[in-house]
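Hi,

Here is the structure I promised to pass on to you. Have a look at it first, and then read on for what turned up.

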Amino acid sequence: MADYDYDVLVIGAGPGGYVAAIRAAQLGLKTACAEGRETLGGTCLNVGCIPSKAMLHASEYFDAAANGSMAKMGIKVKPELDLGTMHGQRIDAVKGLTGGIEFLFKKNKIDWLKGYAQFTGKDSVEVAGKAYRAKNIIIATGSSVTPLPGVEVDNDKQVIVDSTGALELAKVPGHLVVIGGGVIGLELGSVWRRLGAKVTCVEFLDQILPGMDGDVRKEANKIFKKQGIEFKLKTKVTKAAVKGKKAVLTLEPAAGGDAETLEADVVLVSIGRKPNTDGLALDKAGLAVNQRGQIETDHDFSTQVPGIWAIGDVIPGPMLAHKAEDEGIACAENIAGQTGIVNHDVIPSVVYTWPEIAGVGLTEEQAKEKGEVKVGKFPMLANSRAKTNHEPDGFVKVIADAKTDRVLGVWCIASVAGTMIAQAAQAMEFGATSEDIAYTCHAHPTHSEAIKEAAMAVTGKPIHI
(Lines give C-alpha, C1' and ligand atoms only; values in the text may rest on other atoms or scores of the structure.)
Protein backbone atom coordinates (compact mmCIF):
# COMPACT_ATOMS: atom_id res chain seq x y z
CA MET A 1 0.00 0.00 0.00
CA ALA A 2 1.20 3.52 -0.80
CA ASP A 3 2.70 5.71 1.89
CA TYR A 4 0.62 8.33 3.63
CA ASP A 5 0.57 11.80 2.11
CA TYR A 6 0.15 13.45 5.51
CA ASP A 7 0.39 12.75 9.21
CA VAL A 8 -2.69 14.94 9.77
CA LEU A 9 -5.34 16.06 7.30
CA VAL A 10 -7.91 18.48 8.68
CA ILE A 11 -11.28 18.82 6.94
CA GLY A 12 -12.46 22.41 7.36
CA ALA A 13 -10.55 25.64 8.04
CA GLY A 14 -12.85 27.28 10.58
CA PRO A 15 -11.70 28.23 14.09
CA GLY A 16 -11.40 24.57 15.08
CA GLY A 17 -9.85 23.30 11.86
CA TYR A 18 -7.26 25.97 11.16
CA VAL A 19 -6.13 26.01 14.79
CA ALA A 20 -5.85 22.20 14.81
CA ALA A 21 -3.77 22.37 11.63
CA ILE A 22 -1.43 25.02 13.01
CA ARG A 23 -0.96 23.14 16.30
CA ALA A 24 -0.31 19.86 14.48
CA ALA A 25 2.30 21.56 12.30
CA GLN A 26 3.92 23.15 15.35
CA LEU A 27 4.26 19.65 16.82
CA GLY A 28 6.23 18.51 13.78
CA LEU A 29 3.47 16.65 11.96
CA LYS A 30 3.14 16.93 8.18
CA THR A 31 -0.21 18.67 7.86
CA ALA A 32 -2.82 19.62 5.28
CA CYS A 33 -6.17 21.35 5.58
CA ALA A 34 -9.01 20.94 3.09
CA GLU A 35 -11.25 23.97 2.67
CA GLY A 36 -13.65 24.71 -0.18
CA ARG A 37 -14.36 28.32 0.68
CA GLU A 38 -12.25 30.86 -1.20
CA THR A 39 -10.87 32.21 2.07
CA LEU A 40 -9.81 30.49 5.30
CA GLY A 41 -11.48 31.02 8.66
CA GLY A 42 -14.83 29.29 8.17
CA THR A 43 -18.19 30.78 9.11
CA CYS A 44 -16.76 32.65 12.10
CA LEU A 45 -14.26 34.82 10.28
CA ASN A 46 -16.08 35.15 6.96
CA VAL A 47 -19.77 35.55 7.77
CA GLY A 48 -20.15 35.09 11.54
CA CYS A 49 -18.37 36.25 14.68
CA ILE A 50 -15.97 38.72 13.07
CA PRO A 51 -18.10 40.65 10.55
CA SER A 52 -21.01 40.82 13.00
CA LYS A 53 -18.74 42.40 15.63
CA ALA A 54 -17.56 44.97 13.08
CA MET A 55 -21.20 45.95 12.46
CA LEU A 56 -22.10 45.87 16.15
CA HIS A 57 -19.20 48.16 17.04
CA ALA A 58 -19.90 50.65 14.26
CA SER A 59 -23.63 50.75 15.00
CA GLU A 60 -22.91 51.48 18.67
CA TYR A 61 -21.07 54.66 17.65
CA PHE A 62 -23.96 55.71 15.42
CA ASP A 63 -26.51 55.03 18.14
CA ALA A 64 -24.55 56.92 20.78
CA ALA A 65 -24.57 59.96 18.50
CA ALA A 66 -28.20 59.56 17.43
CA ASN A 67 -29.86 58.78 20.77
CA GLY A 68 -28.33 61.63 22.75
CA SER A 69 -25.78 59.64 24.76
CA MET A 70 -22.90 61.67 23.37
CA ALA A 71 -24.79 64.92 23.82
CA LYS A 72 -25.16 64.19 27.53
CA MET A 73 -21.37 64.16 27.76
CA GLY A 74 -21.05 67.47 25.95
CA ILE A 75 -20.42 66.09 22.46
CA LYS A 76 -23.05 67.51 20.14
CA VAL A 77 -23.17 65.82 16.75
CA LYS A 78 -25.80 64.95 14.16
CA PRO A 79 -24.86 61.58 12.68
CA GLU A 80 -25.26 60.77 9.03
CA LEU A 81 -25.28 57.09 8.14
CA ASP A 82 -22.98 55.99 5.33
CA LEU A 83 -23.95 52.32 5.20
CA GLY A 84 -21.59 51.59 2.32
CA THR A 85 -18.57 52.71 4.34
CA MET A 86 -19.84 50.79 7.38
CA HIS A 87 -20.01 47.64 5.26
CA GLY A 88 -16.57 48.50 3.88
CA GLN A 89 -14.88 48.46 7.26
CA ARG A 90 -16.57 45.12 7.98
CA ILE A 91 -15.18 43.67 4.75
CA ASP A 92 -11.71 45.05 5.54
CA ALA A 93 -11.72 43.39 8.97
CA VAL A 94 -12.63 40.04 7.42
CA LYS A 95 -10.04 40.39 4.65
CA GLY A 96 -7.26 41.18 7.11
CA LEU A 97 -8.01 38.27 9.42
CA THR A 98 -8.60 35.62 6.75
CA GLY A 99 -5.43 36.73 4.99
CA GLY A 100 -3.63 36.41 8.31
CA ILE A 101 -4.58 32.73 8.54
CA GLU A 102 -3.30 32.11 5.02
CA PHE A 103 0.01 33.66 6.12
CA LEU A 104 0.10 31.37 9.18
CA PHE A 105 -0.51 28.33 6.96
CA LYS A 106 2.48 29.27 4.81
CA LYS A 107 4.62 30.04 7.87
CA ASN A 108 3.84 26.62 9.37
CA LYS A 109 4.17 24.79 6.00
CA ILE A 110 0.55 23.61 5.99
CA ASP A 111 -0.83 22.57 2.60
CA TRP A 112 -4.19 24.14 1.80
CA LEU A 113 -6.13 21.60 -0.27
CA LYS A 114 -8.63 23.81 -2.08
CA GLY A 115 -11.98 22.06 -2.29
CA TYR A 116 -14.47 20.10 -0.21
CA ALA A 117 -13.28 16.75 1.13
CA GLN A 118 -15.17 13.46 0.95
CA PHE A 119 -14.12 10.23 2.59
CA THR A 120 -13.20 7.38 0.26
CA GLY A 121 -12.05 5.07 3.07
CA LYS A 122 -10.98 5.02 6.71
CA ASP A 123 -7.72 6.84 6.00
CA SER A 124 -8.42 8.50 2.66
CA VAL A 125 -10.32 11.44 1.21
CA GLU A 126 -10.87 13.03 -2.15
CA VAL A 127 -10.54 16.79 -2.62
CA ALA A 128 -11.33 18.44 -5.96
CA GLY A 129 -10.91 15.10 -7.77
CA LYS A 130 -7.58 14.23 -6.17
CA ALA A 131 -7.04 11.43 -3.62
CA TYR A 132 -5.09 11.82 -0.37
CA ARG A 133 -4.19 9.43 2.43
CA ALA A 134 -3.46 10.49 5.99
CA LYS A 135 -2.54 8.70 9.22
CA ASN A 136 -4.99 10.97 11.04
CA ILE A 137 -8.01 12.84 9.73
CA ILE A 138 -9.71 15.55 11.81
CA ILE A 139 -13.31 16.41 10.91
CA ALA A 140 -13.83 20.12 11.63
CA THR A 141 -16.56 21.04 9.18
CA GLY A 142 -18.54 23.31 11.52
CA SER A 143 -22.23 24.08 11.23
CA SER A 144 -24.76 25.89 9.07
CA VAL A 145 -28.07 27.68 9.55
CA THR A 146 -31.00 25.49 10.61
CA PRO A 147 -33.86 25.88 8.11
CA LEU A 148 -37.37 26.70 9.32
CA PRO A 149 -40.20 24.74 7.67
CA GLY A 150 -42.48 27.03 5.67
CA VAL A 151 -39.87 29.79 5.46
CA GLU A 152 -37.56 29.89 2.43
CA VAL A 153 -34.35 31.90 2.78
CA ASP A 154 -33.08 33.79 -0.28
CA ASN A 155 -30.25 36.12 0.71
CA ASP A 156 -29.93 37.60 -2.79
CA LYS A 157 -33.45 39.07 -2.65
CA GLN A 158 -32.75 40.59 0.81
CA VAL A 159 -36.28 39.94 2.06
CA ILE A 160 -36.05 36.61 3.90
CA VAL A 161 -32.43 36.18 5.00
CA ASP A 162 -30.25 34.15 7.34
CA SER A 163 -27.38 35.51 9.44
CA THR A 164 -25.15 35.80 6.36
CA GLY A 165 -27.74 37.82 4.45
CA ALA A 166 -28.47 40.03 7.47
CA LEU A 167 -24.87 41.27 7.37
CA GLU A 168 -25.19 42.33 3.73
CA LEU A 169 -28.39 44.39 3.71
CA ALA A 170 -28.00 47.28 1.25
CA LYS A 171 -30.30 49.56 3.23
CA VAL A 172 -31.74 49.83 6.72
CA PRO A 173 -35.07 47.96 6.75
CA GLY A 174 -38.16 49.82 7.88
CA HIS A 175 -39.32 46.78 9.84
CA LEU A 176 -37.08 43.80 10.59
CA VAL A 177 -38.63 40.65 12.05
CA VAL A 178 -36.19 38.31 13.75
CA ILE A 179 -37.31 34.69 14.10
CA GLY A 180 -35.51 33.33 17.15
CA GLY A 181 -34.54 35.02 20.41
CA GLY A 182 -31.09 33.50 20.66
CA VAL A 183 -27.63 35.03 20.43
CA ILE A 184 -27.41 35.54 16.65
CA GLY A 185 -30.89 37.01 16.27
CA LEU A 186 -30.42 39.47 19.14
CA GLU A 187 -26.98 40.59 17.98
CA LEU A 188 -27.97 41.23 14.37
CA GLY A 189 -31.37 42.58 15.37
CA SER A 190 -29.68 45.10 17.65
CA VAL A 191 -27.38 46.26 14.81
CA TRP A 192 -30.30 47.23 12.58
CA ARG A 193 -32.35 48.59 15.48
CA ARG A 194 -29.52 51.00 16.32
CA LEU A 195 -29.31 52.08 12.69
CA GLY A 196 -33.02 52.96 12.65
CA ALA A 197 -35.08 49.85 11.92
CA LYS A 198 -38.16 48.81 13.84
CA VAL A 199 -37.30 45.34 15.18
CA THR A 200 -39.70 42.61 16.28
CA CYS A 201 -38.31 39.37 17.71
CA VAL A 202 -40.51 36.27 17.56
CA GLU A 203 -39.50 33.51 19.99
CA PHE A 204 -41.15 30.10 20.45
CA LEU A 205 -40.17 29.84 24.13
CA ASP A 206 -41.49 31.97 27.00
CA GLN A 207 -38.22 33.88 27.31
CA ILE A 208 -35.24 34.90 25.15
CA LEU A 209 -31.68 33.51 25.33
CA PRO A 210 -32.40 29.82 25.99
CA GLY A 211 -29.77 28.08 28.11
CA MET A 212 -28.71 31.19 29.98
CA ASP A 213 -29.32 31.99 33.65
CA GLY A 214 -32.93 32.89 34.46
CA ASP A 215 -32.13 36.29 36.00
CA VAL A 216 -30.00 37.16 32.96
CA ARG A 217 -32.78 36.21 30.54
CA LYS A 218 -35.35 38.38 32.36
CA GLU A 219 -33.05 41.38 32.74
CA ALA A 220 -31.89 41.17 29.11
CA ASN A 221 -35.51 41.18 27.96
CA LYS A 222 -36.17 44.38 29.95
CA ILE A 223 -33.04 46.08 28.59
CA PHE A 224 -33.79 45.22 24.95
CA LYS A 225 -37.40 46.35 25.33
CA LYS A 226 -36.12 49.66 26.67
CA GLN A 227 -33.91 49.90 23.58
CA GLY A 228 -36.96 49.53 21.36
CA ILE A 229 -36.99 45.85 20.41
CA GLU A 230 -40.48 44.36 20.51
CA PHE A 231 -40.87 40.74 21.60
CA LYS A 232 -43.52 38.20 20.70
CA LEU A 233 -42.78 35.32 23.07
CA LYS A 234 -44.44 31.88 23.12
CA THR A 235 -45.10 32.40 19.40
CA LYS A 236 -44.22 30.32 16.35
CA VAL A 237 -43.90 31.25 12.68
CA THR A 238 -45.71 28.75 10.47
CA LYS A 239 -45.39 30.42 7.08
CA ALA A 240 -43.64 33.24 5.25
CA ALA A 241 -44.66 34.60 1.86
CA VAL A 242 -42.77 37.19 -0.16
CA LYS A 243 -45.09 39.73 -1.73
CA GLY A 244 -43.22 42.22 -3.87
CA LYS A 245 -40.42 43.61 -1.72
CA LYS A 246 -42.02 42.66 1.59
CA ALA A 247 -42.68 39.46 3.54
CA VAL A 248 -45.89 38.42 5.24
CA LEU A 249 -45.47 36.06 8.18
CA THR A 250 -48.13 33.81 9.67
CA LEU A 251 -47.79 33.56 13.46
CA GLU A 252 -49.52 31.25 15.93
CA PRO A 253 -49.32 30.87 19.71
CA ALA A 254 -46.76 28.17 20.57
CA ALA A 255 -49.44 26.29 22.52
CA GLY A 256 -51.88 26.52 19.61
CA GLY A 257 -54.59 29.05 18.81
CA ASP A 258 -55.67 31.64 16.29
CA ALA A 259 -53.19 32.72 13.65
CA GLU A 260 -52.20 36.32 12.90
CA THR A 261 -50.14 37.91 10.15
CA LEU A 262 -47.17 40.25 10.44
CA GLU A 263 -45.66 42.28 7.59
CA ALA A 264 -41.94 42.97 7.39
CA ASP A 265 -39.43 44.53 5.03
CA VAL A 266 -36.82 41.97 6.06
CA VAL A 267 -37.13 38.68 7.95
CA LEU A 268 -34.08 37.18 9.66
CA VAL A 269 -34.30 33.42 10.28
CA SER A 270 -32.06 32.60 13.25
CA ILE A 271 -33.44 29.54 15.03
CA GLY A 272 -30.11 27.77 15.47
CA ARG A 273 -27.42 25.86 13.61
CA LYS A 274 -26.93 22.25 12.52
CA PRO A 275 -23.70 20.22 12.10
CA ASN A 276 -22.17 20.09 8.61
CA THR A 277 -21.89 16.33 8.09
CA ASP A 278 -23.81 15.92 4.80
CA GLY A 279 -21.55 15.43 1.82
CA LEU A 280 -18.64 13.98 3.80
CA ALA A 281 -19.51 10.38 2.80
CA LEU A 282 -19.00 9.33 6.41
CA ASP A 283 -20.35 5.87 5.64
CA LYS A 284 -17.28 5.15 3.49
CA ALA A 285 -15.15 5.76 6.56
CA GLY A 286 -17.37 3.57 8.74
CA LEU A 287 -18.82 6.51 10.66
CA ALA A 288 -22.41 7.45 11.50
CA VAL A 289 -24.03 10.44 13.18
CA ASN A 290 -26.32 10.57 16.22
CA GLN A 291 -29.95 11.75 16.21
CA ARG A 292 -28.80 15.39 16.17
CA GLY A 293 -26.52 14.84 13.19
CA GLN A 294 -23.41 15.04 15.38
CA ILE A 295 -20.35 12.80 15.37
CA GLU A 296 -19.81 11.20 18.77
CA THR A 297 -16.27 11.26 20.16
CA ASP A 298 -14.39 10.09 23.20
CA HIS A 299 -12.94 12.64 25.66
CA ASP A 300 -9.78 12.81 23.51
CA PHE A 301 -11.85 13.66 20.36
CA SER A 302 -11.28 10.27 18.74
CA THR A 303 -14.25 8.72 16.90
CA GLN A 304 -15.15 5.04 16.81
CA VAL A 305 -12.83 4.66 13.79
CA PRO A 306 -9.12 4.69 14.76
CA GLY A 307 -7.27 7.58 13.14
CA ILE A 308 -10.41 9.68 12.58
CA TRP A 309 -11.05 12.54 15.00
CA ALA A 310 -13.73 15.24 15.24
CA ILE A 311 -13.96 18.68 16.89
CA GLY A 312 -16.11 21.81 17.05
CA ASP A 313 -19.69 22.19 15.92
CA VAL A 314 -19.89 18.67 14.45
CA ILE A 315 -19.59 17.06 17.91
CA PRO A 316 -21.85 17.51 20.99
CA GLY A 317 -21.51 20.67 23.07
CA PRO A 318 -22.04 24.40 22.56
CA MET A 319 -21.44 25.67 19.02
CA LEU A 320 -18.84 28.28 19.94
CA ALA A 321 -15.68 29.27 18.07
CA HIS A 322 -13.50 29.26 21.20
CA LYS A 323 -14.70 25.78 22.17
CA ALA A 324 -13.69 24.55 18.70
CA GLU A 325 -10.29 26.26 18.98
CA ASP A 326 -9.49 24.63 22.31
CA GLU A 327 -10.63 21.26 20.97
CA GLY A 328 -8.45 21.72 17.88
CA ILE A 329 -5.36 22.31 20.02
CA ALA A 330 -6.17 19.38 22.33
CA CYS A 331 -6.90 17.04 19.42
CA ALA A 332 -3.61 17.84 17.67
CA GLU A 333 -1.73 17.30 20.93
CA ASN A 334 -3.41 13.93 21.44
CA ILE A 335 -2.46 12.87 17.91
CA ALA A 336 1.15 13.85 18.69
CA GLY A 337 1.13 11.63 21.78
CA GLN A 338 0.71 14.44 24.27
CA THR A 339 -2.22 14.96 26.66
CA GLY A 340 -4.72 17.44 25.23
CA ILE A 341 -7.66 18.26 27.47
CA VAL A 342 -10.64 20.62 27.28
CA ASN A 343 -12.67 21.32 30.40
CA HIS A 344 -16.16 21.48 28.94
CA ASP A 345 -17.58 22.62 32.29
CA VAL A 346 -15.76 25.95 31.95
CA ILE A 347 -16.61 27.28 28.48
CA PRO A 348 -17.71 30.93 28.54
CA SER A 349 -20.51 32.19 26.32
CA VAL A 350 -21.02 35.81 25.28
CA VAL A 351 -23.78 37.81 23.59
CA TYR A 352 -22.23 40.91 21.98
CA THR A 353 -25.23 43.19 22.29
CA TRP A 354 -25.17 46.46 24.22
CA PRO A 355 -24.63 45.84 27.03
CA GLU A 356 -22.86 42.54 26.54
CA ILE A 357 -24.13 39.40 28.25
CA ALA A 358 -21.76 36.67 29.39
CA GLY A 359 -21.74 33.54 31.50
CA VAL A 360 -19.61 30.56 32.43
CA GLY A 361 -20.43 27.39 34.34
CA LEU A 362 -23.82 26.51 35.76
CA THR A 363 -26.92 28.70 35.82
CA GLU A 364 -28.55 29.16 39.21
CA GLU A 365 -31.31 26.78 38.12
CA GLN A 366 -28.82 24.07 37.11
CA ALA A 367 -26.76 24.54 40.28
CA LYS A 368 -29.81 24.18 42.54
CA GLU A 369 -30.67 20.88 40.88
CA LYS A 370 -27.28 19.56 42.00
CA GLY A 371 -27.41 20.80 45.61
CA GLU A 372 -27.54 23.78 47.94
CA VAL A 373 -26.03 27.02 46.67
CA LYS A 374 -25.18 30.56 47.78
CA VAL A 375 -25.70 33.43 45.35
CA GLY A 376 -24.21 36.91 45.33
CA LYS A 377 -25.38 39.72 43.02
CA PHE A 378 -24.04 43.19 42.43
CA PRO A 379 -25.66 45.82 40.17
CA MET A 380 -23.57 47.69 37.60
CA LEU A 381 -25.48 50.80 38.72
CA ALA A 382 -23.32 50.73 41.88
CA ASN A 383 -20.05 50.22 39.99
CA SER A 384 -18.06 53.45 39.78
CA ARG A 385 -16.64 52.89 36.28
CA ALA A 386 -20.04 51.94 34.86
CA LYS A 387 -21.50 55.02 36.51
CA THR A 388 -18.93 57.42 35.05
CA ASN A 389 -19.36 55.79 31.63
CA HIS A 390 -23.16 56.16 31.80
CA GLU A 391 -23.60 52.35 31.65
CA PRO A 392 -25.99 51.58 34.51
CA ASP A 393 -27.66 48.47 33.06
CA GLY A 394 -26.88 44.97 34.25
CA PHE A 395 -25.36 43.07 37.14
CA VAL A 396 -22.86 40.39 38.07
CA LYS A 397 -24.03 37.16 39.68
CA VAL A 398 -21.77 34.61 41.37
CA ILE A 399 -23.15 31.16 42.21
CA ALA A 400 -21.18 29.10 44.75
CA ASP A 401 -21.59 25.75 46.46
CA ALA A 402 -23.14 26.34 49.89
CA LYS A 403 -20.78 23.93 51.66
CA THR A 404 -17.45 24.29 49.86
CA ASP A 405 -17.88 27.88 48.56
CA ARG A 406 -16.45 26.70 45.23
CA VAL A 407 -17.67 28.89 42.36
CA LEU A 408 -20.10 26.97 40.14
CA GLY A 409 -21.12 29.73 37.74
CA VAL A 410 -20.75 33.45 37.01
CA TRP A 411 -23.21 35.48 34.91
CA CYS A 412 -23.05 39.13 34.02
CA ILE A 413 -24.63 41.87 31.98
CA ALA A 414 -22.28 44.81 31.46
CA SER A 415 -20.81 46.86 28.63
CA VAL A 416 -17.63 44.75 28.75
CA ALA A 417 -19.10 41.50 30.08
CA GLY A 418 -17.33 39.45 27.40
CA THR A 419 -13.96 40.62 28.67
CA MET A 420 -14.94 40.37 32.34
CA ILE A 421 -16.00 36.73 32.05
CA ALA A 422 -12.42 35.61 31.33
CA GLN A 423 -11.50 36.30 34.96
CA ALA A 424 -14.40 34.15 36.15
CA ALA A 425 -13.50 31.31 33.78
CA GLN A 426 -9.87 31.32 34.92
CA ALA A 427 -10.89 31.39 38.58
CA MET A 428 -13.20 28.41 38.02
CA GLU A 429 -10.49 26.52 36.11
CA PHE A 430 -8.33 26.82 39.21
CA GLY A 431 -11.21 25.69 41.47
CA ALA A 432 -11.61 29.10 43.12
CA THR A 433 -14.04 29.82 45.93
CA SER A 434 -16.08 33.01 46.07
CA GLU A 435 -13.79 34.06 48.93
CA ASP A 436 -10.76 33.68 46.62
CA ILE A 437 -12.29 36.19 44.20
CA ALA A 438 -13.52 38.48 46.99
CA TYR A 439 -10.03 38.73 48.49
CA THR A 440 -8.25 39.31 45.19
CA CYS A 441 -7.40 42.99 44.73
CA HIS A 442 -9.15 44.49 41.70
CA ALA A 443 -8.03 47.74 40.08
CA HIS A 444 -10.21 50.80 40.71
CA PRO A 445 -12.16 52.11 38.92
CA THR A 446 -12.95 49.15 36.65
CA HIS A 447 -16.05 47.23 35.63
CA SER A 448 -14.37 44.08 36.98
CA GLU A 449 -14.78 45.34 40.54
CA ALA A 450 -18.39 44.22 40.14
CA ILE A 451 -17.17 40.61 40.04
CA LYS A 452 -15.29 41.15 43.31
CA GLU A 453 -18.36 42.76 44.90
CA ALA A 454 -20.67 39.97 43.68
CA ALA A 455 -18.25 37.43 45.17
CA MET A 456 -18.34 39.39 48.43
CA ALA A 457 -22.14 39.34 48.23
CA VAL A 458 -22.09 35.53 48.28
CA THR A 459 -21.33 35.80 52.00
CA GLY A 460 -23.45 38.93 52.42
CA LYS A 461 -20.72 41.57 52.60
CA PRO A 462 -20.54 43.73 49.46
CA ILE A 463 -19.21 47.22 50.18
CA HIS A 464 -21.03 49.50 47.76
CA ILE A 465 -24.63 48.36 48.20
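Below are my notes, going from the overall shape to single residues.

Please keep in mind that this is a predicted model.

Overall build

The protein has 14 helices and 22 strands. Its C-alpha atoms fill a box of roughly 70 × 60 × 45 Å along the principal axes. A compact globule of 465 residues would have a radius of gyration near 23 Å, and the protein agrees with that, at 23 Å. Of the 465 residues, 51% count as buried. If you take the contacts between residues at least 6 apart in sequence, 63% of them join residues at least 24 apart. On the outside, the protein exposes about 21,700 Å², with carbon and sulfur atoms supplying 52% of that area.

The cores

In soluble globular proteins, nonpolar side chains tend to be buried together. Here, the largest nonpolar core has 54 residues, and those with the most contacts inside it are L9, F105, F119, V125, I138 and I139. Which helix gives the most to this core? Helix α1, residues 15-26, does, with seven residues. I138 is a good place to start clicking: leaving aside residues up to four places away in sequence, I138 touches V8, L9, V10, I11, A20, W309, I311, C331 and I335. Apart from the largest core lies another core, of 39 residues, including F62, V191, V216 and L268.

A tryptophan to look at

W112 sits in strand β3, which covers residues 111-114. Is W112 buried or exposed? With a relative accessibility of 17%, W112 counts as buried, because the cut-off for buried is under 20%. Beyond residues up to four places away in sequence, W112 touches C33, E35, R37, E38, T39, L40, E102 and F105. That last partner, F105, is also among the residues with the most contacts inside the largest core. For a sense of distance, W112 and G182 are 70 residues apart in sequence and 34 Å apart in space, C-alpha to C-alpha.

A nonpolar patch on the surface

M73, I75 and V77 form a nonpolar patch on the surface, with about 250 Å² of accessible area together. M73 belongs to the loop between α4 (69-72) and α5 (83-107). The relative accessible area of M73 is 46%, so M73 is partly exposed.

Backbone oddities

Most residues other than glycine have a negative phi, and most peptide bonds are trans. Four spots are worth a look with that in mind.

- W354 and P355 are joined by a cis peptide bond, with omega about -5°. P355 is in the loop between β18 (349-351) and β19 (356-361).
- The peptide bond from H444 to P445 is cis, and its omega is near -5°. P445 lies in the loop between α13 (434-438) and α14 (449-458).
- L209 is not a glycine, yet its phi is positive, near 55°. You will find L209 in the loop between β10 (198-202) and α8 (214-226). The relative accessible area of L209 is 2%, so L209 is buried.
- D405 is another residue other than glycine with a positive phi, near 70°. D405 is in the loop between β21 (395-401) and β22 (407-414). With 10% relative accessibility, D405 counts as buried.

Happy browsing, and do write back with any questions.

Best wishes

How values were computed. Residues are numbered from 1 along each chain as its sequence is written. This is a predicted model: local features need pLDDT of at least 70, side-chain atom pairs count only at pLDDT 80 or more; totals for chains, interfaces and linings use all residues. Side-chain values use heavy atoms; hydrogens and water are left out. A nonpolar core is a set of buried Ala, Val, Leu, Ile, Met, Phe, Trp, Tyr and Cys residues joined through side-chain atoms within 4.5 Å. Buried means under 20% relative accessible area, exposed over 50%, partly exposed in between (1.4 Å probe, protein chains only). Helices (H or I, at least four residues) and strands (E, at least two) are DSSP runs, numbered from the N terminus. Contact means heavy atoms within 4.5 Å. Patches are made of residues with over 30% relative accessible area and no salt bridge: like charges are joined within 9 Å, nonpolar side chains (Val, Leu, Ile, Met, Phe, Trp, Tyr) within 5 Å. Accessible areas come from the Shrake-Rupley method with a 1.4 Å probe; for residues, only the protein chains shown count as cover. A salt bridge is a side-chain nitrogen of Lys or Arg within 4 Å of a carboxyl oxygen of Asp or Glu. The radius of gyration is taken over C-alpha atoms; the globule rule is 2.2 Å times the number of residues to the power 0.38.
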